[in-house]
Amino acid sequence: MILCGMQTLPEEFVRQLTISLGPERVGEVVSFITGSPASTAVRVNPFKTEAVPPQFASGKETYSRWGRLLPERPDFALDPLFHAGAYYVQDASSMYLESILPLMTRMREERPEGPFTVLDLCAAPGGKSTHLLSMLREIPGSFLVSNEVIRSRASVLYENISKWGAANVVVTNSDPSDFQSLGEYFDVIVVDAPCSGEGMFRKDPEAVAQWSMDNVRLCAARQRRILSDILPCLRPGGLLVYSTCTFNPVEDEDNVAWTASQYGMEVLEQRHFYPGDPGAGEGFFFSSLRKGGTYGVSGRSAGKGRGRSGGAPLRFKEDVPWVNEGFHLFRCGSLIKAFPAAVTVPMLELTEGGARLRVLASGTAVAGVKDGRSGGKQVIVPQFSLIQSEVYRRGSLPEVEVSLDAALEYLRRGLPALPGAPAGYVVLTYGGVPSGLVKNLGNRCNNLLPPSLRLRIS
């Protein structure tokens, strides 16, 4: 057994790693796993800021143009910019996902008509989904379906997606097999499969304690089941990304070879990242495959042959003055939601057109509709998700820049007074980024932060 902090690395794990890397290389990797602290990296949110926050400027570049590998881990919980979604804490190795952006760009050029659809199948807590949303800013007419099968994890996923601020996303809580009702619908599918977690040994001692070859084989079988369930939903010529945070070829190269053979797919790339590699963080396996067939010739959309319930898009801006141009508004019960104009129809068809999906959220909830007093005219009130989103038209609501102490008090659901601020709804900013929404009553404010987002540490 090899000591890893207070844990020991299983001998069978080291033996398997030696087979993959050779006796000289394995010693270097094991030394990093057992003798160095876990890495920390962040990825800046281009929906919120184009500049890297000053506290991360000294970090090393990663595989993402938005990423920085940090020399040490700061206390993110006490940074209002973290809670505002100005950046995401993500493993540096996982940021290699950005390497598929040129492929997606070429695919869109080959098939410029219709929506460009991407599925992140095993998405919680949201690292790859938020990264994909940043990348999709460069793919016109695109939207993402971000899915997590475990309900408790899906709630965390939804919070992180909402915080990121993109409107071209549908969050679902569905089994992979449920997507088969869509047919060959997705241009790109990302499967960051649940795995034995060997690459997380530095971060998660529990992964070391639970490791066994039996569990590796169990994970590999589950991964093949997931791939079998979802690959019928990929367009001919479409792109599959299969990744894990493990080193074992049983879960990695063997599953890629099986997928290529079973489904007639071409392997475009596959590679491992190990702790200590330049630009890498923790352990990660990445592969990309292209499905057989001619891209853009076939495939169908979710709404084909199905009706859509509900009303028509609302008239832009006359109903909600806080929304940027380029979005359609749609009444969904007591909420008004905004969708990017280019994909409003396919997003609504997907969520309301009869597909067997459990939809948690779609688009951005920008306003609630409340009955007026004594049966008077209905009142439209802004939602907290509005100020988190690209949908929000800066300056349409009064904004007040607050100090660090005031921002943290707000996050604890305190009620800071805003002397001199106008009465009514006010957006709080920190570092220039919208961070909070209050209703200013003069001598005090109603804090409109959702209780689930409350900061519970002092």
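Let's start with helix H8, which gives the most to the lining of the largest pocket: four residues. Keep in mind as you look around that the model is predicted. The pocket that H8 helps to line holds about 1,200 Å³ of space. Two or more lining residues also come from strand E3 (40-44), strand E6 (87-89), helix H5 (127-136) and helix H7 (205-210), alongside H8 (213-230). To find the middle of the pocket, look for Ala124, Pro125, Arg153, Asp192 and Cys245, which lie nearest its centre among the 46 lining residues. What kinds of residues make up this lining? There are 23 nonpolar, eleven polar and twelve charged ones.

Next, pick out one residue of H7, Ala207. Is Ala207 buried or exposed? Its relative accessible area is 11%, and buried means under 20%, so Ala207 is buried. Apart from neighbours within four places in sequence, Ala207 is in contact with Gly197 and Phe201. Ser196 is eleven residues from Ala207 in sequence, and their C-alpha atoms are 7.4 Å apart in space.

For a contrast, turn to Ile19 in helix H1 (residues 11-21). The relative accessible area of Ile19 is 59%, and exposed means over 50%, so Ile19 is exposed. In soluble globular proteins, nonpolar side chains tend to be buried together. Try tracing the chain from Ile19 to Pro249: they are 230 residues apart in sequence, but from C-alpha to C-alpha the distance is 10.0 Å.

Now let's visit some strands. Strand E9 (residues 169-172) pairs with strand E8 (residues 142-147) in the parallel sense, over four bridges. One place to see this pairing is Leu144, whose bridge partner in E9 is Val169. In a regular strand the side chains alternate between the two faces of the sheet. You can follow this along E9, where Val169 and Val171 point one way while Val170 and Thr172 point the other way. All four of these residues are buried.

Further along the chain is strand E20 (residues 424-430), which has a partner in each sense. Strand E19 (residues 399-401) runs parallel to E20 and is joined to it by three bridges, with Val400 standing opposite Leu428. Strand E21 (residues 433-440) pairs with E20 in the antiparallel sense, over seven bridges. Among the residues matched here, Gly424 has Asn440 in E21 as its bridge partner. The hairpin of E20 and E21 has two residues between the strands, and Gly431 takes a positive phi near 65° there. Why can E20 be called largely enclosed by the rest of the structure? Six of its seven residues are buried, so the rest of the structure largely encloses the strand.

E20 and E21 also bring us to the largest nonpolar core, since each supplies at least two of its residues, as do strands E14 (327-332), E15 (335-340) and E17 (364-370) and helices H11 (384-388) and H12 (404-411). This core has 42 residues, and Val320, Val366, Val391 and Tyr410 touch the most other members. Take Val391 as your example: leaving out residues up to four places away in sequence, it touches Ala167, Trp322, Val323, Asn324, Phe327, Ala338, Thr364, Val366 and Leu386. Apart from this core lies another, of 37 residues, including Val44, Ile100, Val190 and Ala280.

How values were computed: Residues are numbered from 1 along each chain as its sequence is written. This is a predicted model: local features need pLDDT of at least 70, side-chain atom pairs count only at pLDDT 80 or more; totals for chains, interfaces and linings use all residues. Side-chain values use heavy atoms; hydrogens and water are left out. On a 1 Å grid over the protein atoms alone, a cavity is a set of points where a 1.4 Å probe fits but cannot get out, and a pocket is an open set with protein on both sides within 12 Å along at least five of seven lines; lining residues have an atom within 4 Å of a point. Grid points are joined across faces, edges and corners, and a volume is the space filled by probe spheres set on the points. Ala, Val, Leu, Ile, Met, Phe, Trp, Tyr, Cys and Pro count as nonpolar, Asp, Glu, Lys and Arg as charged, and the others, Gly among them, as polar. Buried means under 20% relative accessible area, exposed over 50%, partly exposed in between (1.4 Å probe, protein chains only). Two strands pair if DSSP finds at least two bridges between them. A nonpolar core is a set of buried Ala, Val, Leu, Ile, Met, Phe, Trp, Tyr and Cys residues joined through side-chain atoms within 4.5 Å. Contact means heavy atoms within 4.5 Å.
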